[in-house]
Amino acid sequence: MAQKFNITKLVLADRSKESGLYHFVATMSDNTQCRMIYTRNPDWKLIDVNRLLTVPCPICRKDYYCNCLARHTDELERQVADKQLIQEV
Ligand SMILES: [Zn+2]
């Protein structure tokens with residue numbers, strides 16, 4: 001199966017001490033951007049993904065809100081782990 005996503009960059013955007021949530025902005029090779037919300041207790045766990053509306057969705061091509069990326073949280077989480085992107089933030 002062809003890879004749909006290729007996360008190239010991860011930036012820490014916000015960190016809430018109260019909730020323990022980390023907000024990252026991920027950028028992909030096709031310029032898709034999404035906000036990835038993680039917890040860490042103690043292992044990193046992706047709990048939500050929201051596409052930023054900067055470019056159309058790579059899956060459905062809509063330029064407004066859709067849920068496509070949320071259906072691929074497992075793959076996105078695996079990529080971040082495989083590429084050790086959080087460790088570089
Ligand atoms: Zn979509």
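Trainee: How many helices and strands does the protein have?

Mentor: The secondary structure comes to two helices and four strands. Keep in mind that this is a predicted model. Read from the N terminus, the elements run β-β-β-β-α-α.

Trainee: And what do I look at to judge the overall dimensions?

Mentor: Start with the box and the radius of gyration. The C-alpha atoms fill a box of roughly 35 × 25 × 20 Å along the principal axes. A compact globule of 89 residues would have a radius of gyration near 12 Å, and the protein has 13 Å, which agrees.

Trainee: Now the sheet. What is the order of its strands?

Mentor: To read a sheet, follow which strand pairs with which. Here four strands form an open sheet in the order 1-2-3-4, with antiparallel pairing. Strand 1 and strand 4 (44–51) are the edges: each has a single partner strand, so one side of each lacks a neighbour in the sheet. From one strand to the next, the twist averages 30°.

Trainee: Over how many bridges do strand 2 and strand 3 pair?

Mentor: Over six bridges, in the antiparallel sense. If you want one pair to find on screen, threonine 27 has glutamine 33 in strand 3 as its bridge partner. Strand 3 and strand 4 also pair in the antiparallel sense, over seven bridges. There you can look for threonine 39, whose bridge partner in strand 4 is lysine 45.

Trainee: What joins these strands along the chain?

Mentor: Hairpins. Strand 2 and strand 3 form one with four residues between them, and asparagine 31 in that turn has a positive phi of about 75°. Another hairpin links strand 3 to strand 4 through three residues.

Trainee: Serine 29 is in the loop between strand 2 and strand 3. Is serine 29 buried or exposed?

Mentor: Count the C-beta atoms around the residue; 12 or fewer within 10 Å means exposed. Serine 29 has 12 such neighbours inside 10 Å, so it counts as exposed. Even so, serine 29 has contacts beyond its neighbours in sequence: setting aside residues up to four places away, it touches Asn6 and Thr8. The C-alpha atoms of serine 29 and asparagine 6 are separated by 5.6 Å, although the two residues are 23 apart along the chain.

Trainee: Where does helix 1 sit relative to the sheet?

Mentor: Helix 1 lies across strand 1, strand 3 and strand 4, and runs at about 120° to strand 4. Glutamine 79 is a residue of this helix. With 19 C-beta neighbours inside 10 Å, glutamine 79 counts as partly exposed, because a buried residue needs 20 or more. Beyond four places in sequence, glutamine 79 is in contact with Phe5 and Ile7.

Trainee: Which residues make up the largest nonpolar core?

Mentor: That core has twelve residues, among them Ile7, Leu10, Phe24, Met36, Val49, Leu76 and Val80. Strand 1 (7–15), strand 2 (22–28), strand 3 (33–40) and helix 1 (73–82) are the elements that give two or more residues to it. Try selecting isoleucine 7: apart from residues up to four places away in sequence, it touches Ala26, Met28, Leu76, Gln79, Val80, Lys83 and Leu85.

Trainee: What share of the protein is buried?

Mentor: Buried residues make up 16% of the 89 residues. You can also ask how far along the chain contacts reach. Among contacts between residues at least 6 apart in sequence, 29% join residues at least 24 apart.

How values were computed
Residues are numbered from 1 along each chain as its sequence is written. This is a predicted model: local features need pLDDT of at least 70, side-chain atom pairs count only at pLDDT 80 or more; totals for chains, interfaces and linings use all residues. A nonpolar core is a set of buried Ala, Val, Leu, Ile, Met, Phe, Trp, Tyr and Cys residues joined through C-beta atoms within 7 Å. Two residues are in contact if their C-beta atoms, placed from the backbone, lie within 7 Å. Two strands pair if DSSP finds at least two bridges between them. Axes are lines fitted to C-alpha atoms, for helices over the stretch in contact, and angles run from 0 to 180 degrees between N-to-C directions. The radius of gyration is taken over C-alpha atoms; the globule rule is 2.2 Å times the number of residues to the power 0.38.
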